[in-house]
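Me: I would like to learn how to read a protein structure step by step. Could you give me the general idea each time and then show me the case at hand?

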Amino acid sequence: MPNLYVSPELHDLCMHTSISEILKEKTLKPSRRSLPCLAQSQTHPHNLNHFLSVPLSPEPKANTNAHSVSASCTHITTPPTDATKDQYAEEMETGAYESRTDESLLIQQKPVSRGKLEARTDSVRGNNAPTPSGLTFRDGKKRIDYILVYKKSSPQVEKRCTFERNLRAEGLMLEKEPSLTNNDIMFVKIHAPWDTLCKYAEQMNIRMPFRKKCYFSDWKKKTMGSRFHLRCRQVKSWLPRNPMKLDKEALPDLEETDCYTAPFSRARMHHFTINNRDSFFSNSTRSRIVHHVLQRTKYEDGKSKMGINRLLGNGTYEAAFPPHEGSYKSRHPIKTHGPQNHRHLLYERWARWGIWYKYQPLDLIRRYFGEKIGLYFAWLGWYTGMLIPAALVGLFVFLYGLFTMDSSQVSKEICEANTTIMCPMCEVNCSAWILSDSCVYAKVTHLFDNGGTVFFAIFMAIWATVFLEFWKRRRAELTYDWDLIDWEEEEEELRPQFEAKYSRKERVNPISGKPEPFQPFTDKLSRLMVSVSGIFFMISLVLTAVFAVVVFRLIAMEKFASFQWEFVKKNWQFATSGTGVCINFMIIMSLNVVYEKVAYLLTNLEHPRTESEWENSFALKMFLFQFVNLNSSTFYIAFFLGRFAGRPGDYNKLFNRWRMEECHPSGCLIDLCLQMGVIMVLKQIWNNFMELGYPLLQNWWSRRKMRRAGEQNNVEGKEQLPQWDKDWNLQPMNAHGLVDEYLEMVLQFGFTTIFVAAFPLAPLLALLNNIIEIRLDAYKFVTQWRRPMPARATDIGIWHGILEGIGVVAVITNAFVIAITSDYIPRFVYAFKYGPCVDKGYRHEQCLKGYMNSSLSVFDMGEPKNGSQYQTRYCRYRDYREPPWSSEPYEFTLQFWHVLAARLAFIIVFEHLVFGIKTFIAHLIPDMPKDLCERMRREKYLMQEMMYEAELEHLQKERKKNGKRYHHEWP
């Protein structure tokens with residue numbers, strides 16, 4: 001009988017009344033979450049309690065044949081000799097599950113010659129075993145939970161044999177299979193028996209479905225009125241069905257998501273819903289338990305000589321991965337025959353392109369790939385859904401500019417300025433030009449620089465805050481549904497590189513109380529300074545590349561402005577910006593390859609202590625590099641283009657050779673818009689190709705080589721191969737985990753919010769890309785990659801802080817874009833101070849009449865030369881300066897200082913207003929829904945009550961079975 005501690009308060013309570021009577025005081029109605037638990041508990045077999053109360057025993061001993069007997073390193077098909085027995089202690093697969101490996105067990109055997117080991121390995125091919133299914137051992141019963149892959153030609157034989165022997169001592173079962181496509185490859189199949197799963201599930205505090213009745217309080221609905229909710233349900237049933245929802249019949253009943261859970265305990269096993277031992281622990285949980293064992297098993301004598309990661313690093317094993325659950329395709333339709341496995345179901349209900357508009361089956365994704373990947377797809381889906389209102393508003397602003405393009409007063413004045421002579425754009429081979437020649441350029445500028453720009457910038461700043469705040473609420477709901485509320489990340493093991501570097505210096509870990517390698521502060525600071533210096537060096541390299549693009553634009557401007565083709569000469573602004581953007585994009589993608597290698601080297605130079613610290617450091621460097629690389633040229637166009645050009649007769653020149661680039665008379669915003677649009681579209685196309693096209697090409701080449709090897713080994717077609725061979729030929733998940741996936745989306749989020757005032761179509765492009773991105777990633781995870789180790793996580797890590805930082809930067813940049821880059825402030829000042837509507841109290845397009853003439857200054861070119869196209873002495877240029885006949889020629893006018901003051905005032909007011917709204921909304925929206933908090937407290941209370949009552953019932957049954965007397969209140 002399990003030991004039970006009963007608190008004095010519970011004892012006094014039970015002496016007066018039973019807990020069942022306490023629960024009867026309030027009539028509780030079962031909720032949706034409790035229905036599967038109720039069904040299971042009511043239909044539970046009567047003899048199951050007796051069955052579960054039997055003490056745990058090892059699995060039945062298997063026959064001592066080639067399928068179950070294994071030596072310390074390989075399977076044996078012939079009886080071993082005495083000498084071999086002296087060198088290797090044979091162990092039964094089912095023996096000694098409870099024993100743990102100590103240091104004395106590791107290095108007791110004598111050194112073994114590699115020839116004898118490989119001879120015993122080669123004997124596996126002689127077995128006349130049935131064709132393996134790829135999901136179980138040869139007996140067809142034991143499920144494969146993990147796969148290890150090694151080369152027979154590897155020199156690390158003793159480490160591998162010791163490691164596998166210690167895995168058996170930990171309670172795991174191992175079986176080896178040769179590859180059917182590569183004679184040098186061997187697969188080690190690992191199975192975790194029931195007792196081993198229970199032992200480590202208890203050690204890891206894995207929460208499992210609770211068997212007893214699960215209730216949820218319905219008192220709120222009763223007080224609010226059940227009739228009202230009934231009417232709402234009736235009205236909802238009359239409405240058309242949401243086409244984005246998945247059919248409930250198409251997905252299996254994931255019972256653990258609808259049941260209360262509790263940390264697994266072998267002493268209280270009778271509390272849990274164990275209808276079938278084979279399915280009690282899901283495949284992802286089994287793989288996680290096996291991975292936990294692999295990470296903590298030794299392969300040599302020494303403090304740090306343990307873990308599969310080190311064996312993968314030194315070449316002992318080539319790969320380690322959990323197997324997929326079979327093929328993702330079926331000859332029969334899923335509607336009539338159902339899914340073959342969860343992988344098939346994920347492909348049909350998630351990864352197929354035909355269901356791009358459906359919601360994601362997050363519970364199934366989490367069940368198959370783990371919580372960490374499930375949270376990534378949940379965040380990606382939430383981000384994509386929140387982009388819908390932003391895309392609609394941005395499209396509305398763009399359409400507003402499109403419909404008012406012809407009625408815009410500024411565009412009209414530019415298109416009608418047939419007599420306005422503009423100053424030459426270059427000093428060699430360039431002549432004066434007419435302002436009306438840039439009519440198309442002015443109309444296109446109005447599409448993105450109109451009255452809705454300020455509204456949309458404020459909307460997107462608030463949208464970014466609302467997105468992050470509601471994501472916190474969504475994350476809280478997911479962590480509750482996925483039983484991650486009370487989960488605390490385990491103490492991570494140290495990185496092998498960190499241990500190897502600092503093995504001589506140790507200190508006691510304050511958490512585990514054990515000595516571990518320690519990095520001195522001075523060494524850490526010096527390495528951090530070198531890393532920071534490397535970061536600044538790479539950022540300076542980015543700025544150098546931007547400077548090179550600026551020089552190219554200056555050269556291209558002169559060439560296109562004096563081009564022989566009249567079409568190119570008229571549209572020199574488009575030609576200069578377009579070629580500059582394309583060259584800038586090629587530089588960006590080239591430098592990204594360099595940045596990844598530099599970030600990898602700098603992160604390794606820092607010697608982070610754990611894998612999570614390494615991942616956070618690497619992610620931060622990659623974000624800084626790529627953010628600066630992607631946005632530096634955009635910042636130049638937004639805030640520096642045309643600001644230092646000078647004026648006719650006194651132009652600023654680069655290297656005293658090239659004249660600085662000027663903005664168009666209608667503004668610089670169209671250059672910024674063109675830069676953003678081209679880079680965003682080209683980058684999304686390139687990323688999608690690299691994410692899916694490159695793995696497809698790699699897997700095609702692997703299948704081609706596999707077919708050739710299969711023909712030599714008489715294996716016909718891919719269907720004949722076992723699952724481990726198929727998975728081995730898939731591409732492994734990239735070494736950086738989800739860093740690349742998050743990085744792509746976070747950079748897109750920055751591109752969508754930081755300069756959204758200049759390009760209102762950015763949210764729409766991001767939405768279309770993300771709809772494709774979700775299915776691309778789903779297809780890649782399900783069909784092109786090996787199954788990653790199901791890891792747990794409660795949030796998206798460092799990326800949430802980066803997103804909040806981007807939200808702050810977006811407010812500042814949009815304020816500067818509206819005030820400095822666009823012509824919104826100059827038009828505003830003219831309408832209220834200098835236009836025809838002064839002192840009339842209203843603003844209209846008619847109030848901008850004469851604005852273009854007011855924004856252009858006059859320059860004296862001198863006497864016209866013979867043969868010049870325009871016989872005029874004066875030309876116009878974009879600036880607020882006094883005319884040449886003034887007492888102070890070419891000095892700034894009063895209107896210039898009014899515009900400058902208005903711009904600075906707008907930046908201050910805009911930032912304070914938007915930051916105030918963002919802060920108010922952040923405090924207004926709680927991070928966790930109120931009903932979720934109440935539900936969690938209520939369920940925690942009910943969990944304790946049910947645990948106590950379950951213990952009382954169990955003790956009563958035990959005493960009744962033993963014939964002892966008991967009171968009805970207390971057993």
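Reply: Let us begin with a word that we shall need when we ask what covers a helix: a contact means heavy atoms within 4.5 Å. Please keep in mind that this is a predicted model.

Me: What does the protein chain contain, and how many helices and strands are there?

Reply: The protein chain has 35 helices and 18 strands, and of its 971 residues 52% count as buried. Among contacts between residues at least 6 apart in sequence, 76% join residues at least 24 apart.

Me: Which residues of helix H9 are buried, and what covers them?

Reply: Buried means under 20% relative accessible area. In helix H9 (residues 194-203), eight of the 10 residues are buried, so this helix is largely enclosed by the rest of the structure. The buried ones are Trp194, Asp195, Thr196, Leu197, Cys198, Lys199, Tyr200 and Ala201, and their cover includes helix H12 (277-280) and helix H13 (283-295). After H9 comes asparagine 205, with a positive phi near 55°.

Me: Where else can I practise this, and what covers the buried residues of H17?

Reply: Helix H17 (residues 362-369) is mostly covered, with six of its eight residues buried, namely Leu362, Leu364, Ile365, Arg366, Tyr368 and Phe369. The cover of these buried residues includes H13, helix H16 (342-351), helix H18 (371-403), helix H21 (452-481) and helix H30 (762-784). Just after H17, glycine 370 takes a positive phi of about 100°.

Me: How should I read a sheet, and in what order do the four strands of the open sheet stand?

Reply: Strands of a sheet pair through backbone hydrogen bonds, and the pairing is either parallel or antiparallel. Here four strands form an open sheet in the order S4-S5-S3-S8, with antiparallel pairing. S4 and strand S8 (319-321) stand at the edges, and because each has a single partner strand, one side of each is left without a neighbour in the sheet. Direction ignored, neighbouring strands of this sheet are turned by 20° against each other on average.

Me: Which strands pair with S5, and over how many bridges?

Reply: Strand S3 (residues 146-151) is joined to S5 by six bridges, and the two run antiparallel; strand S4 (residues 173-178) also pairs with S5 in the antiparallel sense, over six bridges. A hairpin of six residues connects S4 to S5. To follow the pairing residue by residue, look at lysine 189 in S5, which has isoleucine 147 opposite and also glutamate 175 opposite. Methionine 186 in S5, in turn, has proline 178 opposite.

Me: Which way do the residues of S5 point, and are they buried or exposed?

Reply: In a regular strand the side chains alternate between the two faces of the sheet. In S5, Ile185, Phe187, Lys189 and His191 point one way, Met186, Val188 and Ile190 point the other way, and all are buried. Since seven of the seven residues of strand S5 (residues 185-191) are buried, this strand is largely enclosed by the rest of the structure. H13, which we met as cover for H9, lies across S3 and S5 and runs at about 45° to S3.

Me: What can I look for on the surface, and which residues form the nonpolar patch?

Reply: The protein chain exposes about 47100 Å², of which carbon and sulfur atoms supply 58%. Phe892, Leu894, Trp897, Leu900 and Leu904 form a nonpolar patch on the surface, together having about 490 Å² of accessible area. Within this patch, leucine 894 belongs to helix H34 (residues 894-924), and leucine 894 is exposed, with a relative accessible area of 56%.

How values were computed. Residues are numbered from 1 along each chain as its sequence is written. This is a predicted model: local features need pLDDT of at least 70, side-chain atom pairs count only at pLDDT 80 or more; totals for chains, interfaces and linings use all residues. Side-chain values use heavy atoms; hydrogens and water are left out. Buried means under 20% relative accessible area, exposed over 50%, partly exposed in between (1.4 Å probe, protein chains only). Accessible areas come from the Shrake-Rupley method with a 1.4 Å probe; for residues, only the protein chains shown count as cover. Two strands pair if DSSP finds at least two bridges between them. Patches are made of residues with over 30% relative accessible area and no salt bridge: like charges are joined within 9 Å, nonpolar side chains (Val, Leu, Ile, Met, Phe, Trp, Tyr) within 5 Å. A salt bridge is a side-chain nitrogen of Lys or Arg within 4 Å of a carboxyl oxygen of Asp or Glu. Axes are lines fitted to C-alpha atoms, for helices over the stretch in contact, and angles run from 0 to 180 degrees between N-to-C directions.
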